[in-house]
Amino acid sequence: MTLKSYLWGMRFSAILAFFAWALVLFYADPTKGGIPVKFVFYLALFLFLSAIFVLMLSWARRKAGNKEAVFSDLGISFREGILLALLAIALLILQSFRILVWWDGLLVVAGIFLAELYFLTK
């Protein structure tokens, strides 16, 4: 699989995830729906955000460095995109329960940072 086909597939996945998230917003109210509606809402948002973050990070790596090294750094961009999406979803879930305060947010950021450090050392 070439880098170009991978990035087009990721763009297509981002569009599909966005439409899935929009369908949940328009046809089911996540605030009044039960646990399955909230789960689908957060799952679609996670997929959309992870695809967007992977595309942004791979674009930033291509602009910042060697164009040939982008394909070898694609795994790093994928992992960091998923971790950033996980950070956003965790903060949104804390806010939906009305328990998000600044120190909880910092603890979530520190946990994601420690996970990234773990992956960098392996």
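What covers the buried residues of α2? Part of the answer is α1 (3–27) and α3 (74–96), both of which are included in that cover. Here are my notes on this one, going point by point; keep in mind that the model is predicted.

1. **Overall layout.** We're looking at a protein with 4 helices and 0 strands, and the order from the N terminus is simply α-α-α-α. The C-alpha trace spans about 50 × 35 × 20 Å along its principal axes. Of the contacts between residues at least 6 apart in sequence, 63% join residues at least 24 apart.

2. **Surface and burial.** There are 122 residues, and 30% of them are buried. The exposed area comes to about 8300 Å², with carbon and sulfur atoms supplying 76% of it. If you're setting up charges, count 11 positive and 6 negative side chains, with the centres of the two sets 6 Å apart.

3. **Helix α2.** This helix covers residues 35–64. Its 30 residues reach 42 Å from the first C-alpha to the last, which is close to the 44 Å expected at 1.5 Å a residue. The buried set in α2 includes the aromatics Phe41, Tyr42, Phe48 and Phe53. Ala44, Leu45, Leu49, Ala51, Val54 and Leu55 are also among the buried residues of this helix, as are Ser50 and Ser58. As a reminder on helix geometry, there are 3.6 residues a turn in an α-helix, so residues three or four places apart point the same way.

4. **Ser50.** One of those two serines deserves its own look. Ser50 sits in helix α2 and has a relative accessible area of 11%. Because the cut-off for buried is under 20%, Ser50 counts as buried at that value. Setting aside neighbours within four places in sequence, Ser50 is in contact with Gly81, Ile82 and Ala85.

5. **Ala20 and Leu45.** Ala20 belongs to helix α1, and its 33% relative accessibility makes it partly exposed. Leu45 is one of the buried residues of α2. The two are 25 residues apart along the chain, and their C-alpha atoms are separated by 8.5 Å.

6. **Salt bridges.** How many salt bridges does the structure hold? There are 3. One joins the side chains of Asp29 and Lys32, at 3.9 Å from N to O. The cut-off is within 4 Å, so you may want to keep that 3.9 Å value in view for this pair. Asp29 is partly exposed, at 36% relative accessible area, whereas Lys32 is exposed at 73%.

7. **Arg61 with Glu80.** In another of the bridges, the closest N and O atoms of Glu80 and Arg61 are 2.8 Å apart. Glu80 lies in helix α3 and Arg61 in helix α2, so this pair ties together parts that are 19 residues apart in sequence. Arg61 is partly exposed, with a relative accessible area of 26%.

8. **Arg79 with Glu116.** These side chains also meet in a salt bridge, at 2.9 Å from N to O. The pair links distant parts of the chain, with Arg79 in helix α3 and Glu116 in helix α4 (residues 102–121), 37 residues apart. Are these two residues buried or exposed? Both Arg79 and Glu116 are buried.

9. **The loop between α2 and α3.** Phe71 is found in this loop. With a relative accessible area of 44%, Phe71 is partly exposed. Which residues does Phe71 touch, leaving aside its neighbours within four places in sequence? The contacts are Met1, Thr2 and Leu3. As for Phe41, which is buried in α2, its C-alpha atom is separated from that of Phe71 by 31 Å, with their positions 30 residues apart along the chain.

10. **The loop between α3 and α4.** Arg98 lies here, and its backbone is worth a glance: phi is positive, about 60°, although Arg98 is not a glycine. At 68% relative accessibility, Arg98 counts as exposed.

How values were computed:
Residues numbered from 1 in each chain as written. Predicted model: local features only at pLDDT ≥ 70, side-chain atom pairs only at ≥ 80, totals over all residues. Heavy atoms only, no water. Helix = DSSP H or I, 4+ residues; strand = E, 2+ residues; numbered from the N terminus. Buried < 20%, exposed > 50% of the residue type's maximum accessible area, 1.4 Å probe, protein only. Contact = heavy atoms within 4.5 Å. Areas by Shrake-Rupley, 256 points an atom, 1.4 Å probe, with all protein chains shown as cover. Lys, Arg positive; Asp, Glu negative; His and termini not counted. Charge placed at Lys NZ, Arg CZ, Asp CG, Glu CD. Expected span 1.5 Å × (residues − 1).
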